[in-house]
Amino acid sequence: MREEQLLSVGIDIGTSTTQCVFSRLTLSNTASSFSVPRIRITEKTILYRAPTRLTPLSSPDTIDAGTLEAMIREDYEAAGIVPEQIRLGAVIITGETARKANARAVTEALSELAGEFVVATAGPALESVLAGRGSGAAELSEKRGRRVLNLDIGGGTTNMCLFAGGNPVCDGCLDLGGRLLRFEEDGNTVLSWTDAMALIAQDAGIPLQKGMRMQETEKNALALRMACVLEEATGLRERTGLYEKLIVEHGLPEHVQAELYTFSGGVADCIYGISTENHLFCDLGEALGRAVARSAFFERERVVRPAETGHATVIGAGAYSVTVSGSTIQFHDMPLPMKSLPAASVTFAREEDLDALAETVEAQYRMFDGECALAMQGIASPNWELVKRTAEVLARAMKPYSPKVIILQEDMAKALGQAMSRLWPEGTPFLCLDGIELNHGDTVDIGAPVSGGRALPVIVKTFAFSHKSGR
């Protein structure tokens, strides 16, 4: 079969809103008729965007799981899709909502609505990349040959990712978003604020008190200070102590250089002046959007409106988080799907690395208590003798451990897997796949076979990008 279509769903439970998007992914064999099959995702089509709704909370620290599930089921009905049709899916909790008391329980409860292939949570780095890909910033960097920095400004956090040639280069996250300060329904009476907003207000000299009526000048002063922090984060202004206090995990490199800027997330529609529902949220998002629109980002025509704004992260989750393994895979009796398997980095890129390969493998298994996938580059076009020698070393080193999973970048999984299978007792479960690049600290979800068993869908969850990430 030259082509196969799969349904995918992305569910993003954010600080302010919850979104659900259904997509159709087309898998194609892009190799010639006389070559080894090469399966690729060749087309991504958005089928249905569900309405954006406020994330339901039963208390300030608890997600209302029952109401949330009912909302998502309504989205399925509106799309004319049942959960059993979904082959790939990602449920992610992002921003401030990821810190709620029952966040993990909620994603587990919703996982059945996203098929068997689920990303349970999104750390800041993964969210930054998903938003940049879903918005179209990654594609823009490839098409224009320019370094594009996407800022995804949501209710609770701002996730930033710099792309070059379609690939993420570096990322960062700030405790900064439109929902840090909430008002009563009149839009002026202060209802609540986060610890991050308390820091911003103190720095801006604006007192906060529950029940106080905030003037427009005060809202604008807070929004302006927040916009200045975004400039600091991206190298457009000298960094201050407030910026340092608002970093989540890590920020962008100090001398980050972008040629173009794109904005996504709920606040992006306010930045571009296309939002029609600002009054529904009763927060600082609209004022923040106006402040960013007047900031240094918009000097010298450096800002481009991306293809997607408010739905960027959820589209990234459902349509861009999945890749496909190479077609020369080998596996036997492995329980699939496999979820959240840590990647153990193993040095094997040349023949000389064989000498220390067994020791390296055993050290990685000890580090991860045996629960890991061995991630290695592999060797391009190895001869059969080298494949056999590699198989003998790996088979001995891996024998006491389970699961037996090898993930290579180079196209050698089938030959290596076949050679290793002969060295273990018959029926030993193992998996050897290629075409996937992993870094130490990544985790992977590996789905059930697609394209007639010739490839496996994979989600790589990267929690910390190096500044020269190639993915």
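This tour goes through a predicted model, one selection at a time.

**The whole chain**

Begin with the complete protein chain, displayed as a cartoon. The predicted model contains 13 helices and 21 strands. Of its 471 residues, 56% count as buried. The accessible surface comes to about 19,900 Å², and carbon and sulfur atoms account for 47% of that surface. If contacts are restricted to residues at least 6 apart in sequence, 70% of them join residues at least 24 apart.

**A four-strand sheet**

Next, select β8, β9, β10 and β13. These 4 strands form an open sheet in the order β10-β9-β8-β13, with mixed pairing. Its edge strands are β10 and β13, each of which pairs on one side only. On average, and with direction ignored, neighbouring strands of the sheet are turned by 20° against each other.

Now restrict the selection to residues 158–164, which make up strand β9. Is this strand enclosed or open to its surroundings? Buried residues make up 6 of its 7 positions, so β9 is largely enclosed by the rest of the structure.

Add residues 148–153, which are strand β8. The pairing of β8 with β9 is antiparallel and extends over 6 bridges. A hairpin of 4 residues leads from β8 to β9. To locate the register of this pair, display I153, which stands opposite T158 in β9.

On the other side of β9, add residues 167–174, strand β10. β9 and β10 run antiparallel and are joined by 7 bridges. T158 serves again as a marker here, since in β10 it stands opposite L174. The hairpin of β9 and β10 has 2 residues between the strands, and within this hairpin G165 takes a positive phi near 60°.

To complete the sheet, display residues 260–264, strand β13. Which way does β13 run relative to β8, parallel or antiparallel? The two strands run parallel, and 5 bridges join them. A useful pair to label is L151 with F263, its bridge partner in β13.

**Helices over and beside the sheet**

Keep the sheet visible and add residues 124–135, helix α3. This helix lies across β8, β9, β10 and β13, and runs at about 60° to β9. Then add residues 216–233, helix α6. Helix α6 lies across β8, β9 and β10, running at about 145° to β10.

Residues 285–293, helix α9, come next. The buried residues of α9 are G285, A287, L288, G289, A291 and V292. These residues pack against β8, α6, β13 and α8 (residues 268–271).

**A lysine in a loop**

Move to K210, in the loop between α5 (residues 195–204) and α6. Is K210 buried or exposed? With a relative accessible area of 56%, K210 is exposed, because residues above 50% are classed that way. Draw a distance between the C-alpha atoms of K210 and S192: they are 18 residues apart along the chain and separated by 6.5 Å. Beyond its neighbours within four places in sequence, K210 is in contact with V190, L191 and W193.

**Helix pairs around α12**

For the last stop, hide the sheet and select α11 (residues 357–367) and α12 (residues 384–398). Two packed helices are described by the angle between their axes and the distance between the axes. For α11 and α12 the angle is about 30° and the axes are 9 Å apart. The two helices are therefore roughly parallel to each other, and their crossing is right-handed. Display the side chains at this contact: L357, A358, V361, E362 and Y365 of α11 meet T390, V393, L394, A397 and M398 of α12.

Finally, replace α11 with residues 413–421, helix α13. The axes of α12 and α13 come within 8 Å and cross at roughly 55°, which makes α12 oblique to α13. This crossing is right-handed. On the α12 side the contact is made by W384, V387, T390, A391, L394, A395 and M398, and on the α13 side by A415, L416, A419 and M420. T390, L394 and M398 deserve a label in this view, for they appear in the contact with α11 and in the contact with α13.

Methods: Residues are numbered from 1 along each chain as its sequence is written. This is a predicted model: local features need pLDDT of at least 70, side-chain atom pairs count only at pLDDT 80 or more; totals for chains, interfaces and linings use all residues. Side-chain values use heavy atoms; hydrogens and water are left out. Buried means under 20% relative accessible area, exposed over 50%, partly exposed in between (1.4 Å probe, protein chains only). Contact means heavy atoms within 4.5 Å. Accessible areas come from the Shrake-Rupley method with a 1.4 Å probe; for residues, only the protein chains shown count as cover. Two strands pair if DSSP finds at least two bridges between them. Axes are lines fitted to C-alpha atoms, for helices over the stretch in contact, and angles run from 0 to 180 degrees between N-to-C directions. Angles under 35 degrees count as roughly parallel, over 145 as roughly antiparallel, 65 to 115 as roughly perpendicular and the rest as oblique. A crossing is left-handed if the near helix is turned anticlockwise from the far one by less than a right angle, and right-handed if clockwise.
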